[in-house]
Amino acid sequence: MHIDHIGIAVKDLEAATEIYQKILNRPCDKREIVESEKVETAFFNTGQSKVELLGATTPDSVIAKYIDKKGEGMHHVAFEVEDIYAELDRLRAAGFTVLNEQPKNGADNKLVAFVHPKDNNGVLVELCQEKQE
Ligand code: CO
């Protein structure tokens with residue numbers, strides 16, 4: 001298991017992408033809209049892990065709601081796992097609140113599922129697994 005990426009909620013994806021290009025001194029590696037989540041993502045590869053900037057595509061996007069409540073900033077930490085189904089079962093059995101009944105299609109060719117921040121010291125945890133194709 002390793003940290004696959006850190007998700008950061010931003011108001012203005014274009015502006016944030018420019019800022020992170022400066023911070024990381026490299027171009028953005030991938031832009032992708034995730035229709036089901038009403039977000040647009042910008043990924044930066046930083047060695048083994050990535051930075052995922054998350055901008056809302058509609059006012060009722062989870063990211064828009066998050067920013068309304070908490071402001072911009074760190075949104076989630078994503079851990080890459082080998083078997084997301086087994087990990088979800090394991091965490092459910094251990095009493096964690098898993099927010100997705102089944103893993104769903106996320107950005108970056110991944111299956112993803114989230115664990116509620118109340119069980120993780122205030123941090124939303126994403127599990128992700130590369131889709132096999
Ligand atoms: Co993510």
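In this predicted model, V115 of strand β7 stands opposite V125 in β8, a pairing of two strands that run antiparallel and are joined over six bridges. Strands are counted as paired if DSSP finds at least two bridges between them, and the elements themselves are DSSP runs numbered from the N terminus, with helices (H or I) of at least four residues and strands (E) of at least two. Residues are numbered from 1 along each chain as its sequence is written, and the side-chain values rest on heavy atoms, with hydrogens and water left out. Since the model is predicted, local features need pLDDT of at least 70 and side-chain atom pairs count only at pLDDT 80 or more, while totals for chains, interfaces and linings use all residues.

The sheet to which these strands belong is open and has eight strands in the order β2-β3-β4-β1-β5-β8-β7-β6, with mixed pairing. Because β2 (30-34) and β6 (104-105) stand at the edges with a single partner strand each, one side of each is left without a neighbour in the sheet. In general, the strands of a sheet pair through backbone hydrogen bonds, either parallel or antiparallel.

At one edge, β2 runs antiparallel to β3, to which five bridges join it, and E32 has T41 as its bridge partner in β3. These two strands form a hairpin with four residues between them, and K38 in the turn has a positive phi of about 55°. Strand β3 also pairs with β4, in the antiparallel sense and over eight bridges, with F43 opposite E52 in β4. The hairpin of β3 and β4 has two residues between the strands, and G47 there takes a positive phi near 75°. Elsewhere in the order, strand β1 (residues 2-10) and strand β5 (residues 73-80) run antiparallel and are joined by seven bridges; A9 stands opposite G73 in β5.

At the other edge, β6 and β7 pair in the antiparallel sense over two bridges, and K104 stands opposite V112 in β7. This hairpin has four residues between its strands, with D108 in the turn showing a positive phi of about 65°. Burial is taken as under 20% relative accessible area and exposure as over 50%, with partly exposed in between (1.4 Å probe, protein chains only). Six of the six residues of β7 are buried, so this strand is largely enclosed by the rest of the structure. In a regular strand the side chains alternate between the two faces of the sheet. For β7, both faces are covered, with K110, V112 and F114 buried on one side and L111, A113 and V115 buried on the other. K110 counts as buried at 3% relative accessibility. With contact meaning heavy atoms within 4.5 Å, and residues up to four places away in sequence not counted, K110 touches D4, K50, E80, K104, N105, C128, Q129, E130 and K131.

The loop between β7 and β8 holds V123, which counts as partly exposed at 30% relative accessibility. Although V123 and V77 are 46 residues apart in sequence, their C-alpha atoms are 7.4 Å apart in space. Neighbours within four places in sequence aside, V123 is in contact with M74, V77, V115 and P117.

In helix α1 (residues 13-24), T17 counts as buried at 6% relative accessibility. A polar atom of the T17 side chain lies 2.7 Å from the backbone oxygen of L13. Beyond its neighbours within four places in sequence, T17 is in contact with C28, R31, A42, F44 and L53.

The largest pocket has a volume of about 680 Å³, the volume being the space filled by probe spheres set on grid points that are joined across faces, edges and corners. On a 1 Å grid over the protein atoms alone, a pocket is an open set of points with protein on both sides within 12 Å along at least five of seven lines, whereas a cavity is a set where a 1.4 Å probe fits but cannot get out; lining residues have an atom within 4 Å of a point. The lining of the largest pocket comprises 34 residues, of which V62, H75, H76, F114 and L124 lie nearest its centre. Two or more lining residues come from each of β1, β3 (39-46), β4 (49-56), α2 (62-70), β5, β6, β7 (110-115) and β8 (124-130), and the largest share, six residues, comes from α2.

How values were computed
Polar contact = N/O pair within 3.5 Å; in protein donor to acceptor, adjacent residues only side chain to side chain.
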